[in-house]
Amino acid sequence: MFASLPRPVKVLLGVRILNQLGAYVLAFLAVLAGPDLAALALAVFGVTALISRWAGGLLLDKLAPRTVIASGLIATGAALLVLAAAQSPVQVVVAAALVGLAFEVYEPASQELLARLTAGDQRQDAYALLGTSLVAAGAAGGLLAALLLPLGVRWLMIVDGVTCVAAAAVTLAFLNKDTAQITLPGQEKGRPTARWRPSALLLTLTLACTAFAFGYLAILMFMPFVLLQRGAPPWLPGLALAGSALLAPLVVRLTRTAVNALSHKTTLSCGTVLLGALTLMMLLGDGLALTIAAYLGWVAVNSVLLGRWQAMIAEIAPADERPRWFAFHGSSWGLAQPAVPAVVAVAAGVAGGTGAAAFLTAAVAFLVVPLFLIVNPPTGLTPMTSTGTR
């Protein structure tokens, strides 16, 4: 699976994995900011991160993906070092804004470059490997953070910045300059010449992915809390997360042939229904063993869906508008992230506790996804024309 991918794709996957090893700024930004400043710092970071994703898509109108990726990583590394040095409340908030403005710039460029370099099953393999490898790298990054935290949270920001700069160096050294010009038949690169606006299909798919992202993040954020609440020993949540990071790539490898034969719509619709059912199982089953079993099943199903959203956008977006489709559609994660704790907090009183609220709202979010796909479904795997999208 990995061996069959083009060399530039392998390099890009390595760049993203290297960067992900240190990508824990969001998890520890609140710690650095302190209790009085955490909410403001996180809000500022969230808004500016959304802006940076859009900026990354727009920069692709003028710059090659390789340049955008490297520039975004260097800017993020520099901003993280500024954050590590920030002392006063104003400095911390300004530094958080700087990090946010650079944090997502490379994301649309990474997805666009994968789309240019791959097609068919190979494209789905590339996006799936990207998703699973980032999960695994994130788990390894969590272990690294645990080792560094006793030295102080600012060291986390410094190491995070260093990994960004190292990833940028790898990009410039091993990703050929002419890679950005590689296109496949039907992928010739143009530029939107008129004022761009998202199509109805893109809006619908973004809403669907926002619901998916809400469910995913709700499980990710609150699973350790629920496990401890249900009597798990302190070491079990970490072991469960590490196990899920190892399980995901294994499931992708075993199910690759069967899943690649299905359409994106079928895979996402059936997969999210299964995720919703397994989440309800975690909600209704109070036993620790049942919770862990349902969670591992959830991880297995979710691993099949990793990268499927990006692969779908790569297939159906007009080639000249694809970077903006990636940027707009990717905003779903930025929208879902601040919504999860707010919605869970509101639902806790009705659901009977924080953990139950997290599972209940996640299940509803997953089960809503197929409804969006039915209302305005993707029209197969043939790239769409850009009529009506400008």
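Guide: Helices (H or I, at least four residues) and strands (E, at least two) are DSSP runs, and they are numbered from the N terminus. By that rule, Gly 56 has its place in helix H3, residues 38–59.

Visitor: And what kind of structure is this?

Guide: This is a predicted model, in which local features need pLDDT of at least 70, side-chain atom pairs count only at pLDDT 80 or more, and totals for chains, interfaces and linings use all residues. Residues are numbered from 1 along each chain as its sequence is written, while side-chain values use heavy atoms, with hydrogens and water left out.

Visitor: Let's stay with Gly 56. Why is Gly 56 called buried?

Guide: Buried means under 20% relative accessible area, exposed means over 50%, and partly exposed is in between (1.4 Å probe, protein chains only). Gly 56 has 0% relative accessibility, so Gly 56 counts as buried.

Visitor: What makes a residue a contact of Gly 56?

Guide: Contact means heavy atoms within 4.5 Å. Once the neighbours within four places in sequence are set aside, Gly 56 is in contact with Val 68, Val 105 and Pro 108. Here is a separate comparison: Gly 56 and Glu 107 are 51 residues apart in sequence, and their C-alpha atoms are 7.1 Å apart in space.

Visitor: Now Ala 84. Why does Ala 84 count as buried?

Guide: Ala 84, in helix H4 (residues 65–85), has a relative accessibility of 9%. That is under 20%, so Ala 84 counts as buried. Outside its close sequence neighbours (within four places), Ala 84 is in contact with Arg 154, Met 157 and Ile 158.

Visitor: Ser 331 interests me too. Why is Ser 331 called buried?

Guide: You can use the cut-off again: Ser 331 has a relative accessible area of 8%, so it is buried. Ser 331 is found in helix H14 (residues 322–351). Leaving out neighbours within four places in sequence, Ser 331 is in contact with Leu 50, Arg 53 and Trp 54.

Visitor: What makes the link between Asp 125 and Arg 256 a polar contact?

Guide: A polar contact is a pair of N or O atoms within 3.5 Å; within protein, one must be able to donate a hydrogen and the other to accept it, and residues adjacent in sequence count only if both atoms are side-chain atoms. The side chains of Asp 125 and Arg 256 are joined at 2.7 Å, so the pair falls inside the distance limit. Asp 125 sits in helix H7, and with a relative accessible area of 2% Asp 125 is buried.

Visitor: What makes a group of residues a nonpolar core?

Guide: A nonpolar core is a set of buried Ala, Val, Leu, Ile, Met, Phe, Trp, Tyr and Cys residues joined through side-chain atoms within 4.5 Å. There are 81 residues in the largest one, and Ile 219, Met 282, Tyr 295, Trp 298, Trp 309 and Trp 325 touch the most other members. Helix H9 (residues 200–229) gives this core its largest share, 17 residues. Another core, of 25 residues, lies apart from it, and its members include Leu 29, Ala 33, Leu 83 and Phe 103.

Visitor: What makes a space in the protein a cavity?

Guide: On a 1 Å grid over the protein atoms alone, a cavity is a set of points where a 1.4 Å probe fits but cannot get out, and its lining residues have an atom within 4 Å of a point. Grid points are joined across faces, edges and corners, and a volume is the space filled by probe spheres set on the points. The whole structure has two cavities of 30 Å³ or more. The largest holds about 80 Å³, and the second largest about 30 Å³.

Visitor: How do you know which lining residues of the second largest cavity are nonpolar?

Guide: Ala, Val, Leu, Ile, Met, Phe, Trp, Tyr, Cys and Pro count as nonpolar, Asp, Glu, Lys and Arg as charged, and the others, Gly among them, as polar. The lining consists of Asn 19, Ala 23, Thr 76, Phe 103, Tyr 106, Asp 160 and Cys 164. Sorted by class, that makes four nonpolar, two polar and one charged.

Visitor: And what lines the largest cavity?

Guide: Its lining has 11 residues, with Gln 124, Ala 128, Val 252, Val 259 and Asn 260 nearest the centre. Helix H10 gives the most, five residues. By class, the lining has five nonpolar, four polar and two charged residues.

How values were computed
On a 1 Å grid over the protein atoms alone, a cavity is a set of points where a 1.4 Å probe fits but cannot get out, and a pocket is an open set with protein on both sides within 12 Å along at least five of seven lines; lining residues have an atom within 4 Å of a point.
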